[in-house]
Amino acid sequence: MDPYALLDMMCKALDDRAKGVEEYEDWYEGDHPVPPPPSNTYAATDIEARRAFENLSRLAVTNFLPPIVDATASKLRVEGFRFSSAPTSSDAEAWAIWQRNFLDADQALVHVGALAVGQATAIVWTGADGLAEITCEDPEQTIVLYAAGSRRKRLAGLKRWCDDDEHLLATLYLADAIYKFRSVQPVDKMRPNEDPKVAWKPREVPGEAWPLPNPLGRVPMVEARVNASLKPERFGGGEPEFEKQINLQRQINATTLAMLTTMEHQAFRQRWVVGWEAPTNPDGTPDRYALLKAAAGKLWTFDDPDVKVGEFAQADLRPFLEVNLATVKAMAATSATPPYAFLIGDMVNVAADSLARIEGAHTAKVRAHAATFSEFWQEVLSLGLQVEGNPKWTDTATSVVWGDIEQRTATEQIGVAQALKNLGAPSEAVFAALPDVDQATAARWAREARAAQLVANAAAPIPPVAR
């Protein structure tokens, strides 16, 4: 396919994807859409009332969506990789690539980002030092094209971004070549309503051919898809972890708005006046600025002795809080998120088996996501090993070593380690089961333990030889 035609097609798909990604990011970050005022209210027609409604609506946003993502992402941590040549120990060469590319820290960004918007991407290429360079990418800037009917065979990858000089830059990744482009005009000179297609020209890089040959024979852009369906999608993508809870979040915002409105008008004692005529404007309408206003520094006086003043009772706000609590519980139940992640209480004197069921459902969900991310990280590391000419990239038995997904106390973890030792497990596995010990530390401890044993054996007195 012509690279320019492929670029235009993928740019259009990326534009559509970016809109959805931005919306989901807004939901996750708490920048929720403000609903229009009801048509039967004063705010629907009056500018000042509408402004007050919008201000209250923004103030009413009480975001309970982040815990759905964060509680899951907090349990996902890659600690190593294993290959068929050493299935019981973490591979040092793969881990060196991982740490050199700062993935110890960036993996959390990938996991949170993918769970929040449905997908995340990574690009693998040769760095200036000749070693593998892995970058985690913004899903608003990247997209992957798959073969028709396939959920895994990548045909192309695209990264598009705006440079410092306000021109669009794009890199098209194919299995045999890399095409780099630059927009003819800067972004502020483009007129998308008149010409929806951006005019592109080759982006020349000193010392590089155009297109740049791809010696890997694979598209070096990999996509992590969260909650993807079995149906193949041409441009991949998944579904945010909180997709099915967005309507519940809308209900929470609406209930909080109703509570704030009630607080504005009824939480404090409201007064009424009988037998008093309110000042009016020349057209006969009530003068809103001359009406009676209650305040600590104001005094009401009336010339007519028959005027009566009274007050209404304060509104009870507890029903609003109870409705929101019930909605958050529904959010926790439908997303398999432990209630304690929302800090909503009701966890006192809960039976141990009930807590186990709550935690078990969430653990099962995290394990499912770990399987999805495992495939992603395996492909990323395979490309990295291939860049460096390491034959392990062809190993189909690669596995990702995850940190302990289940929540255990330090005493329970030590018990697991002791059980592994009693069963004769390798010392590396025993050390890795201890609290706050990752695979790299466990491997180092195992090497040091073997070295100490060799020293002890060498220093031991030689037993006399029997004659």
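This passage looks at how two helices pack in a predicted model, and then at the empty spaces in the structure.

Start with the helix pair. Two packed helices are described by the angle between their axes and the distance between the axes. Here the partners are H2, spanning residues 47-59, and H6, spanning residues 246-265; their axes come within 9 Å and cross at roughly 125°. That angle falls outside the 65 to 115 degree range for roughly perpendicular and is not over 145 degrees, so H2 counts as oblique to H6. The crossing of H2 past H6 is right-handed. On the H2 side, the contact is made by Phe53, Leu56, Ser57 and Leu59, while H6 brings in Leu257, Leu260 and Thr261. Sorted by class, that gives five nonpolar residues, two polar ones and no charged ones in the contact of H2 with H6.

H2 and H6 turn up again in the largest pocket, where H2, H6 and strand S11 (271-274) each supply at least two residues of the lining. H2 gives the largest share, with five residues. The pocket holds about 1000 Å³ of space. Its lining has 23 residues, and Glu264, His265, Gln270, Leu292 and Lys293 are the ones nearest the centre. By class, the pocket lining splits into 13 nonpolar, three polar and seven charged residues.

As for closed spaces, the structure has one cavity of 30 Å³ or more. The largest cavity has a volume of about 40 Å³. Among the residues lining this cavity are Ile178, Lys180, Arg203, Glu204 and Trp210. Its lining has five nonpolar and four charged residues, with no polar ones.

Definitions and conventions
Residues are numbered from 1 along each chain as its sequence is written. This is a predicted model: local features need pLDDT of at least 70, side-chain atom pairs count only at pLDDT 80 or more; totals for chains, interfaces and linings use all residues. Side-chain values use heavy atoms; hydrogens and water are left out. Axes are lines fitted to C-alpha atoms, for helices over the stretch in contact, and angles run from 0 to 180 degrees between N-to-C directions. Helices (H or I, at least four residues) and strands (E, at least two) are DSSP runs, numbered from the N terminus. Angles under 35 degrees count as roughly parallel, over 145 as roughly antiparallel, 65 to 115 as roughly perpendicular and the rest as oblique. A crossing is left-handed if the near helix is turned anticlockwise from the far one by less than a right angle, and right-handed if clockwise. Contact means heavy atoms within 4.5 Å. Ala, Val, Leu, Ile, Met, Phe, Trp, Tyr, Cys and Pro count as nonpolar, Asp, Glu, Lys and Arg as charged, and the others, Gly among them, as polar. On a 1 Å grid over the protein atoms alone, a cavity is a set of points where a 1.4 Å probe fits but cannot get out, and a pocket is an open set with protein on both sides within 12 Å along at least five of seven lines; lining residues have an atom within 4 Å of a point. Grid points are joined across faces, edges and corners, and a volume is the space filled by probe spheres set on the points.
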